[in-house]
Amino acid sequence: ATKGKIVTVLSIDGGGIRGIIPGTLLAFLESKLQDIDGPNARIADYFDVVAGTSTGGLISTMLTAPNKDNRPLYAAKNITNFYMEHGSKIFPESSRSGFVKRITNLFGGPKYDGKYLKTLVKSILGNLTMKQTLTQTVIPAFDIKRLQPIVFTTADAKTHVSRDALLADICLSTSAAPTYFPVHYFETKDAQGKTRTFEIIDGAVTT
């Protein structure tokens, strides 16, 4: 039998601040690839598919979203620095007053308000959308309105306008871990201009 084409897939796990771990491993891998192919080599150049959920979805996007030169927005070596710089602000020790925190915990609200993460992600990704990623990117999440998993992919975004969401919205959605961050709500429009609404939480609940 004829052998099919080999497809290379990079899958990045979730885990909040533990994104430092895959960040460190990917930095090492990218440095070795640069030893072979030069300093401009990037992870996205070597994988047909880059997939991730939760914080892994954020890392996947950072590695595949384009900069103004149509090259990856982040080198892998910058991922760990990102978590070291912003981790304590994304996951603050005390994001609410004692009274509000007790009331929130009583009724099961999220531990963090997510405002810093939202501002940060939107400032980094701006108006970039899923179809612009430099290699096939796959980010799962869960739509609590429709009670079903939803998987955002580059391929879908290129063929269905309503699935070509802002990368910032996709990252905030797959990172919205229940009990930690609030549900992320956003809208897109289809080819006829009809609005589609999404109410999304962390893709890890689908596994």
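Student: What makes helix 2 and helix 7 a contacting pair in this predicted model?

Tutor: Contact here means heavy atoms within 4.5 Å. On that test, G57, L58 and T61 in helix 2 meet L167, C171 and T174 in helix 7. By class, the residues of this contact split into 3 nonpolar, 3 polar and no charged.

Student: Why is helix 2 called roughly antiparallel to helix 7?

Tutor: Helix 2 and helix 7 (residues 167–174) pack at about 155 degrees, their axes 7 Å apart. Angles over 145 degrees count as roughly antiparallel, so helix 2 gets that label relative to helix 7. The crossing of this pair is left-handed.

Student: What makes helix 2 oblique to helix 3?

Tutor: Helix 2 (residues 55–64) packs against helix 3 at an angle of about 130 degrees, with the axes 11 Å apart. The roughly perpendicular range is 65 to 115 degrees and roughly antiparallel begins over 145, with the rest counted as oblique. That is why helix 2 is oblique to helix 3. Helix 2 passes helix 3 in a right-handed crossing.

Student: Which residues meet where helix 2 packs on helix 3?

Tutor: From helix 2 you have T55, L58, I59, M62 and L63, and from helix 3 you have I79, F82 and Y83. That contact has 7 nonpolar residues, 1 polar and no charged ones. Tyr counts as nonpolar, so Y83 falls in that class.

Student: And why are helix 1 and helix 3 described as roughly antiparallel?

Tutor: The axes of helix 1 (residues 20–37) and helix 3 (residues 77–90) cross at roughly 155 degrees and come within 6 Å. With the cut-off at over 145 degrees, helix 1 and helix 3 are therefore roughly antiparallel. Their crossing is left-handed. In the contact, I20, G23, T24, A27 and E30 of helix 1 meet K77, I79, T80, Y83 and M84 of helix 3. By class that gives 5 nonpolar, 3 polar and 2 charged residues. Glu and Lys count as charged, so the charged residues are E30 and K77.

Student: How do you know that S54 and D202 gather at one spot?

Tutor: An unreviewed UniProt entry annotates S54 and D202 as "active site". They span 149 residues in sequence, yet their C-alpha atoms are no more than 5.6 Å apart, so they gather at one spot. Both S54 and D202 are in the lining of the largest pocket.

Student: Where does S54 sit relative to helix 2?

Tutor: S54 lies in the loop between strand 2 (49–52) and helix 2.

Methods: Residues numbered from 1 in each chain as written. Predicted model: local features only at pLDDT ≥ 70, side-chain atom pairs only at ≥ 80, totals over all residues. Heavy atoms only, no water. Axes fitted to C-alpha atoms, helices over the stretch in contact; angles between N-to-C directions. Helix = DSSP H or I, 4+ residues; strand = E, 2+ residues; numbered from the N terminus. Parallel < 35°, antiparallel > 145°, perpendicular 65-115°, else oblique. Left-handed = near helix turned anticlockwise from the far one by under 90°. UniProt positions renumbered as here; feature names shortened; annotations may be inferred. 1 Å grid on protein atoms, 1.4 Å probe; cavity = no way out; pocket = protein on both sides within 12 Å on 5 of 7 lines; lining within 4 Å.
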